[in-house]
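Biologist: I would like to learn how to read a protein model without getting lost. Could you take me through one, feature by feature?

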Amino acid sequence: MSMLGPAASVLIAESLTVRFGRRIALSDVTLAIPEGRVVSVIGPPGAGKTTLLRSFNRMNELLPRASTTGAARFRGIDLHDARVDPVDLRRRIGMVLAETSLFPGSVFDNVAFGLRAQGVEEDLHGRAEEALTRVGLWTVGAEILDAHALDLPAGDQRRLCMARTLALEPVVLLLDEPTGHLDPVSAAAIESLIHALREDCTVVVATCDPALAGRISDLTAHLDGGGLMEYGPTRELFTNPRNSRTEAYLTGRAR
Amino acid sequence: MIPPPPPGARPPFRRPLGVVAGIATTVAVATALVIALLLLLEARHLPGPGFLLDPPSRLADRAGIGPALAGSLWLTLLTGLIALPVGVGTALYLVEYAPPTRTARATLAVLTNLAGVPSIVYGMAGLALFVRGLGLGPSILAGALTLSAMAIPIVIADSRAALLSLPRGLREAAFALGATRWQVVRHQLLPSAAPRILAGCRRALLRTMGAAAPLLVIGPVSFITFAPTSPADPLAALPTRIFAWSARPQAGFLALAAGASLALVLLSALLTAAIGALAPRTASHGDGPEAVRRTASGPG
């Protein structure tokens with residue numbers, strides 16, 4: 001994990017500032033996310049973690065009175081360029097929201113929705129099987145497809161949220177509080193899934209749990225009050241934080 | 001193990017509330033039963049089954065509601081065809097598409113107030129706009145347009161409330177999966193909001209179906225002897241027919257008014273059943289309180 005070779009940046013934030021009305025949610029954040037790594041964004045609630053993640057798939061603009069200055073780039077392309085289609089972008093930069101928000105309907109309906117939205121009509125069952133296998137929901141076999149999504153236990157619901165995003169084969173996966181409100185067993189399952197995911201895509205995780213960030217990520221960024229406190233290789237940041245607020249947060253003496 | 005309440009503490013306020021609720025329910029049910037009983041008692045004196053198809057007549061024992069019944073069916077059908085798409089479409093636009101500008105807020109305020117405008121005022125507007133302005137005369141079409149104007153604000157208000165009550169996560173999750181706004185609306189928001197949207201449509205259509213005032217304003221209660229076969233035919237409707245008969249002193253006409261009222265109640269029940277049959281089984285798995293709870297929040 002510590003062997004960080006040189007890697008091209010897949011996502012870049014340049015002096016990124018996001019406001020909702022007069023409230024500044026993200027303030028002048030500059031960081032680069034290398035391809036094929038797991039990057040954690042830690043910080044207390046309200047630090048701007050979710051806003052940073054949502055900047056990368058242009059989900060902030062769905063909220064009222066959102067405005068962005070600075071730049072967010074995906075493989076060098078300015079995401080706010082007029083030629084960038086946010087719908088197309090969200091198909092390549094997948095996101096799993098912090099709240100479990102499954103669609104009323106079957107497990108299959110949930111996985112098929114995103115695929116159909118992309119115009120994929122062929123082999124929906126095969127793709128659903130593959131995605132559900134990756135998250136460990138295929139253990140009971142094909143009958144899982146007909147289960148009602150909202151009848152699943154909380155941990156399985158979260159995994160289904162991951163599966164329906166993974167089915168779209170995103171280049172980058174944005175995970176907002178992937179283990180929040182989960183029991184330890186389900187959380188561990190999600191964690192090992194994130195480990196496995198680094199084979200296929202870049203993963204950005206927002207979490208208020210530093211311990212999780214320490215276990216899963218190559219790089220860690222610490223946000224506080226909308227500003228970037230510190231960003232670097234996870235081991236360095238955890239063993240020798242340079243920012244006093246980062247040190248305070250990691251040791252539980254926050255604020 | 002539970003400690004006893006401290007001395008002098010009031011017992012929890014539970015039973016009296018239950019009693020009040022019970023009395024309220026009894027009063028409501030009793031009122032409905034009394035109305036039904038009175039109508040049935042009056043309707044005993046109806047001339048016979050021909051009453052349903054016969055045209056109105058100067059003689060009570062030869063009169064019927066044929067044209068009025070056909071007119072009400074026409075009016076409800078046309079009002080549904082006009083008001084429901086316009087109302088639901090406007091609500092969708094306001095909630096999902098319109099930028100939150102001052103114009104949008106002003107539009108919303110106007111529409112909210114329109115839903116509270118008395119029905120007779122819609123009659124005045126219909127008289128000026130459709131009967132005279134467009135030269136439609138006191139026709140079925142002019143009546144349907146007037147009733148549509150009355151129904152649209154109700155459909156908008158209820159559809160808007162239905163869309164706004166959906167969990168935000170539903171919308172966001174669909175967008176995050178790369179769906180276009182139309183795909184989000186068509187495949188997630190509309191199906192989830194459909195039961196409440198349909199309830200609003202039913203409310204609007206029931207209100208217009210029973211409205212006499214706006215129809216009385218746009219034209220005299222016609223004494224037509226044939227059932228309308230096209231929207232251009234003269235206006236006839238059950239509520240206005242009830243009004244005309246109830247003003248006559250002879251006992252026979254009171255029975256006719258009661259019979260027409262019963263027909264109107266039955267027509268309303270049929271409409272409710274038809275809309276109920278339309279409602280999609282969104283919670284196909286386990287309807288009932290469980291399904292309601294799940295769609296309301298969802299765990300996590």
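Modeller: Here we go through the chain fold, the interface, the salt bridges and one buried residue. Keep in mind that this is a predicted model.

Biologist: Let me start with the fold. How many helices and strands are there in chain B?

Modeller: The general idea is to list the elements from the N terminus on. Chain B has 11 helices and zero strands, and the order reads α-α-α-α-α-α-α-α-α-α-α.

Biologist: What radius of gyration does chain B have, set beside a compact globule of 300 residues?

Modeller: The trick is to compare the value with a rule for a globule. Chain B has 24 Å, whereas a compact globule of 300 residues would come out near 19 Å. You can also look at the extent along the principal axes: the C-alpha trace of chain B spans about 75 × 60 × 35 Å.

Biologist: What share of the residues of chain B count as buried?

Modeller: For chain B, 40% of the 300 residues count as buried. Sequence separation adds to the picture. Take the contacts in chain B between residues at least 6 apart in sequence: 74% of them join residues at least 24 apart.

Biologist: Can we look at a single helix? Which residues of helix α9 of chain B are buried?

Modeller: Helix α9 of chain B covers residues 238-246, and its buried residues are B:Leu238, B:Pro239, B:Thr240, B:Arg241, B:Ile242 and B:Trp245. The next step is to see what they pack against. For α9(B), the partners are α2 (66-97), α7, α8 (213-218) and α10 (251-278) of chain B.

Biologist: Now the interface. How do people describe its size?

Modeller: Interface size is often given as the accessible area that is lost when the parts come together. In this model, chain B and chain A bury about 2300 Å² between them, and 63% of that is on carbon and sulfur atoms. The contact draws 26 residues from chain A and 22 residues from chain B.

Biologist: How many residue pairs are in polar contact between chain B and chain A?

Modeller: The count is four residue pairs, with both residues at pLDDT 80 or more. On the side of chain B that touches chain A, the elements giving two or more residues are α6 (168-176), α7 (181-209) and α11 (289-296) of chain B. The largest share, eight residues, comes from α6(B). By residue type, that side of chain B divides into eight nonpolar, 10 polar and four charged.

Biologist: Which side chains meet in a salt bridge across the interface of chain B and chain A?

Modeller: The rule finds one salt bridge there. A:Arg54 and B:Glu172 are the partners, at 2.8 Å from N to O.

Biologist: And how many salt bridges does a search of the whole structure find?

Modeller: Over all chains, the search finds 15. One of them joins the side chains of A:Glu35 and A:Arg75, at 2.8 Å from N to O. This pair links distant parts of the chain, 40 residues apart: A:Glu35 is in the loop between β2 (23-34) and β3 (38-42) of chain A, and A:Arg75 is in the loop between β4 (66-74) and β5 (77-78) of chain A.

Biologist: Are A:Glu35 and A:Arg75 buried or exposed?

Modeller: Neither label fits, because partly exposed covers what lies between under 20% and over 50% relative accessible area. A:Glu35 is at 31%, and A:Arg75 is at 44%.

Biologist: What would a salt bridge with a buried partner look like?

Modeller: Try A:Asp224 and A:Arg245, whose side chains meet at 3.2 Å from N to O. This pair also links distant parts of the chain, 21 residues apart, with A:Asp224 in strand β9 (residues 219-224) and A:Arg245 in helix α9 (residues 244-250) of chain A. A:Asp224 counts as buried at 7% relative accessibility, while A:Arg245 is partly exposed at 42%.

Biologist: Last one: why does A:His222 count as buried?

Modeller: A:His222 counts as buried because its relative accessibility is 0%. The residue lies in strand β9 of chain A. Leaving aside neighbours within four places in sequence, the contacts of A:His222 include A:Ile42, A:Pro44, A:Leu228, A:Met229, A:Arg245 and A:Tyr249.

How values were computed
Residues are numbered from 1 along each chain as its sequence is written. Chains are lettered from A and ligands numbered from 1 in the order in which they are written. This is a predicted model: local features need pLDDT of at least 70, side-chain atom pairs count only at pLDDT 80 or more; totals for chains, interfaces and linings use all residues. Side-chain values use heavy atoms; hydrogens and water are left out. Contact means heavy atoms within 4.5 Å. Buried area is the accessible area (1.4 Å probe) that two parts lose on being put together, summed over both. A salt bridge is a side-chain nitrogen of Lys or Arg within 4 Å of a carboxyl oxygen of Asp or Glu. A polar contact is a pair of N or O atoms within 3.5 Å; within protein, one must be able to donate a hydrogen and the other to accept it, and residues adjacent in sequence count only if both atoms are side-chain atoms. Helices (H or I, at least four residues) and strands (E, at least two) are DSSP runs, numbered from the N terminus. Ala, Val, Leu, Ile, Met, Phe, Trp, Tyr, Cys and Pro count as nonpolar, Asp, Glu, Lys and Arg as charged, and the others, Gly among them, as polar. The radius of gyration is taken over C-alpha atoms; the globule rule is 2.2 Å times the number of residues to the power 0.38. Buried means under 20% relative accessible area, exposed over 50%, partly exposed in between (1.4 Å probe, protein chains only).
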